[in-house]
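Here's a quick walk through a model, written for someone who likes to know which cut-offs sit behind the words. Have the viewer open and follow along.

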Amino acid sequence: MNEKQTANETSAACKEGSGGVIDVAVIGAGPAGLTAGLYAARAGLEAVLFERIAPGGQLAQTEHMENYPGFPDGSNGFELAFAMKQHADRFGVNHVGEEVSSVDFTQNPKVLRTAFGEYRAKSVIIATGARPRKLGLDLEEELQGRGVSYCATCDGSFFRGKSVMVVGGGNTAAADAIYLSRICEKVYLVHRRDKLRATAIYHKRLEDLPNVEFVWNAVPRKLVADEGALAGVRIEMLETGEERDIAVNGLFVAVGTEPNTEFLDDALTLDETGYIVADETGTTEVPGVYAAGDVRTKALRQVVTAVADGALCAEEAAEYLAI
């Protein structure tokens with residue numbers, strides 16, 4: 001029996017009307033979701049992961065990770081994500097390739113709806129992660145895929161030998177600039193402050209790269225297009241108000257993330273930026289519903305903290321179901 005057949009049978013068995021009720025439904029199959037599924041399955045519970053695209057989340061799009069324990073030379077994000085999936089599969093975690101579009105946590109069992117039907121679950125772990133935040137500039141949507149990108153490792157190869165700009169000051173922006181410096185002729189790193197927020201180890205590496213130019217205290221104000229493709233970015237120097245046009249073929253935006261919580265539609269309390277309010281164990285105000293990984297309010301959003309969240313949520317779910 002192949003994986004697709006197994007997923008289809010799982011889907012049919014758990015849908016509303018079939019009599020199947022999932023022990024632990026995990027929405028999202030990034031590091032937090034995969035770990036939650038693994039821990040739930042090892043606890044002897046039926047764990048079903050809902051994910052509309054391939055497992056791994058943002059981790060699967062990361063070329064190189066240096067801060068995940070156990071890999072002294074770093075690790076490839078896709079390979080690590082695939083290994084996490086294999087580990088979860090080994091303990092019998094089931095996968096349903098459907099996106100959860102709405103939920104009803106007022107019922108017991110809880111209800112999850114997709115485009116293909118309804119599912120019921122005794123407990124739910126939300127691990128839908130976050131997506132890149134956009135700049136909100138005119139032409140940004142139109143130029144996405146035509147010079148504007150939110151994933152350097154996905155799209156960087158299209159700009160080999162060309163000039164590009166990275167906007168942001170955190171670890172993602174720094175890692176993107178380092179990666180792009182290896183394949184692009186020139187990399188402009190634009191940040192609204194006078195120093196990066198990125199981990200110190202990135203600073204020295206960036207300073208040693210001859211084709212990386214820092215543009216401090218600056219923000220993009222306008223995208224310039226030529227024949228339907230990005231041709232440049234107009235930036236404003238915040239200290240003087242002066243504007244500067246920089247000719248680039250690619251713009252890589254790394255200015256933070258936004259949580260994937262729209263499908264909840266007031267089912268849970270969110271903070272002012274849209275992240276799920278939950279404690280350090282992932283417990284929300286709704287009994288039997290938990291939040292793990294980048295989707296919840298927390299101080300540090302990293303793969304290692306997402307994995308920890310997934311384990312904690314699964315343990316909390318197991319205790320809840322044992323009551």
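## The antiparallel sheet

In this predicted model, an open sheet is built from 3 strands in the order S12-S13-S14, with antiparallel pairing. Strands here are DSSP runs of E with at least two residues, helices are runs of H or I with at least four residues, and both are numbered from the N terminus. Two strands count as paired if DSSP finds at least two bridges between them. The edges belong to strand S12 (218-226) and strand S14 (243-247), each of which has a single partner strand, so one side of each is left without a neighbour in the sheet. From one strand to the next the twist averages 25°, with axes taken as lines fitted to C-alpha atoms (for helices, over the stretch in contact) and angles running from 0 to 180 degrees between N-to-C directions.

How many bridges join S12 to S13? There are 8 of them, and strand S13 covers residues 229-237. To pick out one register point, Leu-223 has Val-233 in S13 as its bridge partner. Ala-225 also sits in strand S12, and with a relative accessible area of 36% it is partly exposed. The accessibility classes are buried under 20% relative accessible area, exposed over 50% and partly exposed in between, using a 1.4 Å probe and protein chains only. If you want a ruler across the model, Ala-225 and Ser-181 are 44 residues apart in sequence and 23 Å apart in space, C-alpha to C-alpha.

## The parallel sheet

Another open sheet has 5 strands in the order S8-S15-S9-S10-S11, and here the pairing is parallel. S8 and strand S11 (212-215) are at its edges, and each has a single partner strand, so one side of each is left without a neighbour in the sheet.

S9 and S15 pair in the parallel sense over 4 bridges. Val-164, for instance, has Gly-250 in S15 as its bridge partner. As background, strands of a sheet pair through backbone hydrogen bonds, either parallel or antiparallel.

## Aromatic pairs

The structure holds 4 aromatic pairs. Rings of Phe, Tyr and Trp (its six-membered ring) pair if their centres lie within 6.5 Å; planes under 30 degrees apart are stacked, over 60 edge-to-face, and the rest tilted. One of the pairs is Phe-159 with Phe-252, which is edge-to-face at 5.5 Å centre to centre with 85° between the planes. This pair links distant parts of the chain, 93 residues apart: Phe-159 is in the loop between helix H5 (152-155) and strand S9 (163-167), while Phe-252 is in strand S15 (residues 250-253). Buried or exposed? Both Phe-159 and Phe-252 are buried.

Phe-214 and Trp-216 give a stacked pair, 4.9 Å centre to centre with 5° between the planes. Phe-214 is partly exposed at 22% relative accessibility, and Trp-216 is partly exposed as well, at 30%.

## Charges over rings

A charge sits over a ring if NZ of Lys or CZ of Arg is within 6 Å of the ring centre and within 35 degrees of the ring normal. Arg-42 lies over the face of Phe-91, 5.5 Å from the ring centre. Lys-186 does so over Tyr-188, at 5.3 Å from the ring centre.

## Backbone oddities

Most residues other than glycine have a negative phi, and most peptide bonds are trans. The peptide bond from Asn-108 to Pro-109, though, is cis, with omega near 5°. Pro-109 is in the loop between strand S4 (100-104) and strand S5 (110-114).

Leu-139 isn't a glycine, yet it has a positive phi of about 75°. You'll find Leu-139 in the loop between S7 and helix H4 (140-143), partly exposed at 35% relative accessibility. Asp-266, also not a glycine, has a positive phi of about 70°. Asp-266 lies in the loop between strand S16 (257-259) and strand S17 (289-291), and is exposed, with a relative accessible area of 76%.

## Ground rules

Residues are numbered from 1 along each chain as its sequence is written, and side-chain values use heavy atoms, with hydrogens and water left out. Because this is a predicted model, local features need pLDDT of at least 70 and side-chain atom pairs count only at pLDDT 80 or more, while totals for chains, interfaces and linings use all residues.
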